[in-house]
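I opened this entry to keep track of what I looked up, one topic at a time. The sheets come before the helices and the charged pairs.

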Amino acid sequence: AVVSTQSTGISTVLDTCKAYTSQEFNQLLKHLKVETDPLISSFFLNIDGNSTNFNTLLAELERINYVFPIIGLAETNTDEPLKDLFLINNYTSFYQDTLKGKSKGSGVAIYVNNDLNATVVENLCYCNADIESMFVEISNVSESIIYGVIYRPPNGEFNKFIETLNQIQAALPRENVRIMGDFNIDLLTTSDSKTTEFEDQYITNGKSPEISI
């Protein structure tokens with residue numbers, strides 16, 4: 001999921017989402033106007049372990065005829081000191097350490113194209129049993145913009161996740177924010193109280209889903 005500061009109806013966005021093969025996506029790109037400033041294009045994946053699936057990610061990126069400025073990953077299972085084992089050509093990586101004692105299902109990362117200047121926003125980065133996050137600020141664009149990756153471990157406490165998410169939202173600016181992530185919440189199940197609370201939290205802070213493809 002990608003959440004931004006642009007106002008878009010949640011149900012409308014989800015209803016119009018569909019899956020594409022790399023070939024279909026490349027055909028679609030030919031008809032899209034791709035803006036680069038302000039940045040709107042990003043790629044997110046729950047990679048389910050770098051050691052297992054990173055080479056597959058690299059192959060998929062090669063098949064796509066577009067260079068995403070930002071790439072976000074969840075469940076890397078990779079600590080920050082080991083990040084150089086998983087390089088993407090012409091990108092700088094920013095890794096959050098995995099949860100201590102957890103060898104699988106932990107770790108978030110952001111890759112930033114080397115054409116961009118990025119710095120970690122330390123006060124927005126968390127790693128605990130209820131939420132993991134990594135945020136960077138891109139400065140060499142017409143208006144600085146913050147990109148983040150948030151992962152909610154499915155076995156964590158939902159109320160504590162929302163509590164920390166509220167702290168993150170309070171620290172973020174109202175504009176020029178893009179949040180990617182795997183929240184482990186079924187947004188299509190609107191009768192679920194967790195879904196409602198999660199959506200209300202984002203809408204109250206002026207954000208809404210923005211998955212355009």
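**Open sheet**

I began with β4 and β5, which are joined by five bridges and run antiparallel. The model I am reading is a predicted one. For a pair of residues to fix the register, I took Phe94, whose bridge partner in β5 is Ile110.

I then traced the sheet to which these strands belong. It is open and has four strands in the order β2-β3-β5-β4, with mixed pairing. Its edges are β2 and β4, each of which pairs on one side only. Ignoring direction, I noted an average turn of 15° between neighbouring strands of this sheet.

Next I looked for what covers these strands. Helix α3 lies across β2, β3, β4 and β5. Against β3 (70–74), α3 runs at about 155°. Angles over 145 degrees count as roughly antiparallel, so I logged α3 as roughly antiparallel to β3.

**Strands β6, β7 and β8**

I went on to β7, residues 132–138, and asked how many of its seven residues are buried. The count is six, so I wrote the strand down as mostly covered, buried being under 20% relative accessible area.

I checked the partners of β7 in turn. Strand β6 (residues 118–120) is joined to β7 by three bridges, and the two run antiparallel. Thr119 stands opposite Glu137 of β7. With strand β8 (residues 145–151), β7 pairs over seven bridges, also in the antiparallel sense. There I recorded Val136 with its bridge partner Tyr147 in β8. β7 and β8 make a hairpin, with six residues between them.

**Helices α4 and α5**

I looked up the packing of α4 (residues 158–171) with α5 (residues 193–204). The angle is about 5° and the axes are 11 Å apart. That makes the two helices roughly parallel, because the limit for this class is under 35 degrees.

I listed the contact residues from both sides. α4 contributes Phe158, Phe161, Ile162, Leu165, Asn166 and Gln169. α5 contributes Lys194, Glu197, Phe198, Gln201 and Tyr202. Sorted by type, the residues of this contact are six nonpolar, three polar and two charged.

**Salt bridges**

How many salt bridges does a search of the whole structure find? It finds four, and I wrote up three of them, including Lys104 with Asp48.

The side chains of Lys104 and Asp48 meet at 2.9 Å, N to O. This pair links distant parts of the chain, 56 residues apart. Lys104 sits in the loop between β4 (91–95) and β5 (108–113), and Asp48 in the loop between β2 (42–46) and α3 (50–63). Asp48 has 36% relative accessibility and counts as partly exposed.

Arg63 and Glu60 form a salt bridge within α3. Their closest N and O atoms are 2.5 Å apart. The two residues are three apart in the helix, about one turn. I asked whether each is buried or exposed. Arg63 is partly exposed at 43%, and Glu60 is partly exposed at 32%.

For Lys83 and Glu80 I noted a closest N to O distance of 3.6 Å. Because the cut-off for a salt bridge is 4 Å, this pair qualifies. Lys83 has a relative accessible area of 19% and is therefore buried, the limit being under 20%. Glu80, at 33%, counts as partly exposed.

Note on methods. Residues are numbered from 1 along each chain as its sequence is written. This is a predicted model: local features need pLDDT of at least 70, side-chain atom pairs count only at pLDDT 80 or more; totals for chains, interfaces and linings use all residues. Side-chain values use heavy atoms; hydrogens and water are left out. Axes are lines fitted to C-alpha atoms, for helices over the stretch in contact, and angles run from 0 to 180 degrees between N-to-C directions. Angles under 35 degrees count as roughly parallel, over 145 as roughly antiparallel, 65 to 115 as roughly perpendicular and the rest as oblique. Contact means heavy atoms within 4.5 Å. Ala, Val, Leu, Ile, Met, Phe, Trp, Tyr, Cys and Pro count as nonpolar, Asp, Glu, Lys and Arg as charged, and the others, Gly among them, as polar. Buried means under 20% relative accessible area, exposed over 50%, partly exposed in between (1.4 Å probe, protein chains only). Two strands pair if DSSP finds at least two bridges between them.
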